[in-house]
Amino acid sequence: MRDAAFRYRTIDFVTVAMLGVAVGVAFWGWAQLYQVLSTFSAFAFPPSSGLFGGAWLLGGVIGGLVVRKPGAALLTEVVAASVEALLGNSWGLSTVISGCVQGFGVELVLAVFLWKRFGPLVAALAAAVAAAFESFYEWQVYYTDWALPYQLAHLGFFVVSGVVIAGFGGWALVRGLAATGALDAFGPGREHHERAAV
């Protein structure tokens, strides 16, 4: 029975792809704004650029909360990162590596809960772990000259941003989509109708 619950349907693949493309376009837009916003943080306290990172974790969190099957978070985040890279940004194809790192962080948390818990705290924890993984990756690639206090500050800023934007924000976005009827074929849609019937 559990294997059947984890088996992908055609609609699951289509939804992962559609979410990934939509979020990827949003990622690209955020990347353009980030180039402007991050210059201000660089003058003040460079690690505070982590505050802008949470938006890039949305793909994995949303994909995992909607499809609720192993790999959905990772696939959605990788599709989104690939779309952003193809549209063009300052990081090029390394964006896809970030997508893998971030998506894996979300998957890890959902796996701990055996893909049975999808509330706001699980979403926040998934985003926090994804942010931590991405922060560790960025230390090795972009911030190799930073001392440990700067790295830890970046980690803290990134985790806070991830929890607020991708965790609680992603959970609220999925609830909003469920209320429109767009997710009736998925767990969030069924839960919305159950709440409305009470």
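Where is the place of Val 25? Val 25 is in helix H2. This is a predicted model, and helix H2 is a good way into it. The helix covers residues 10-44.

Val 25 is partly exposed, because its relative accessible area is 43% and partly exposed covers the range from 20% to 50%. Val 25 does not stand alone. Val 21, Val 25, Trp 28 and Leu 87 make up a nonpolar patch on the surface. Together these four residues have about 330 Å² of accessible area. Helix H2 supplies the largest share of the patch, with three residues.

Asp 12 also belongs to helix H2. Asp 12 is buried, because its relative accessible area is 0% and buried means under 20%. What do the side chains of Asp 12 and Arg 9 meet in? They meet in a salt bridge, at 2.9 Å from N to O. Arg 9 counts as partly exposed, because its relative accessible area is 36%. Asp 12 has another partner in Lys 69, and the side chains of Lys 69 and Asp 12 meet in a salt bridge of 2.6 Å, N to O. This pair links distant parts of the chain. Lys 69 lies in the loop between helix H3 (58-67) and H4, while Asp 12 lies in helix H2, and 57 residues separate the two. Lys 69 counts as buried, because its relative accessibility is 8%. Arg 9, Asp 12 and Lys 69 are thus linked in a network of salt bridges.

Arg 9 and Lys 69 also face aromatic rings. The charged end of Arg 9 sits over the ring of Phe 186, 5.2 Å from the ring centre. The charged end of Lys 69 sits over the ring of Tyr 8, at 5.9 Å from the centre.

How many salt bridges does the count come to? The count comes to three. Besides the two pairs already met, the side chains of Arg 68 and Glu 191 meet in a salt bridge, with 2.6 Å from N to O. This pair, too, links distant parts of the chain. Arg 68 is in the loop between H3 and H4, and Glu 191 is in helix H8 (residues 187-197). The two are 123 residues apart. Arg 68 counts as buried, because its relative accessibility is 14%. Glu 191 counts as partly exposed, because its relative accessible area is 31%.

Next comes helix H4, which covers residues 72-87. Thr 76 lies in this helix. Is Thr 76 buried or exposed? Thr 76 is buried, because its relative accessible area is 0%. What is Thr 76 in contact with, leaving aside its neighbours within four places in sequence? The contacts of Thr 76 are Val 16, Leu 19, Gly 20, Gly 59 and Gly 63.

Now to the aromatic residues. A search of the whole structure finds 15 aromatic pairs. One of them is formed by Tyr 143 and Trp 146, and this pair is stacked. The centres are 4.0 Å apart, with 5 degrees between the planes. The pair counts as stacked because planes under 30 degrees apart are classed that way. Both Tyr 143 and Trp 146 are buried. They also belong to one aromatic cluster, formed by Phe 45, Tyr 137, Tyr 142, Tyr 143, Trp 146, Tyr 150 and Phe 157.

The loop between helix H5 (94-112) and helix H6 (120-141) deserves a look at its backbone. Leu 114 lies in this loop. Its phi is near 55 degrees, a positive value in a residue other than glycine. Trp 115 lies in the loop between H5 and H6 as well. Trp 115 has a positive phi of about 55 degrees, although it is not a glycine. Trp 115 is buried, because its relative accessible area is 16%.

The last stop is helix H7, covering residues 148-180. Leu 177 is found there. Leu 177 counts as partly exposed, because its relative accessibility is 29%. Leaving aside neighbours within four places in sequence, Leu 177 is in contact with Ala 182 and Leu 183. The C-alpha atoms of Leu 177 and Val 78 are separated by 21 Å, and these residues are 99 apart along the chain.

Conventions:
Residues numbered from 1 in each chain as written. Predicted model: local features only at pLDDT ≥ 70, side-chain atom pairs only at ≥ 80, totals over all residues. Heavy atoms only, no water. Phe/Tyr/Trp six-rings, centres within 6.5 Å; stacked < 30°, edge-to-face > 60°. Buried < 20%, exposed > 50% of the residue type's maximum accessible area, 1.4 Å probe, protein only. Lys NZ or Arg CZ within 6 Å of the ring centre and 35° of its normal. Patch = residues over 30% accessible without salt bridge, like charges linked within 9 Å, V, L, I, M, F, W, Y side chains within 5 Å. Areas by Shrake-Rupley, 256 points an atom, 1.4 Å probe, with all protein chains shown as cover. Helix = DSSP H or I, 4+ residues; strand = E, 2+ residues; numbered from the N terminus. Contact = heavy atoms within 4.5 Å.
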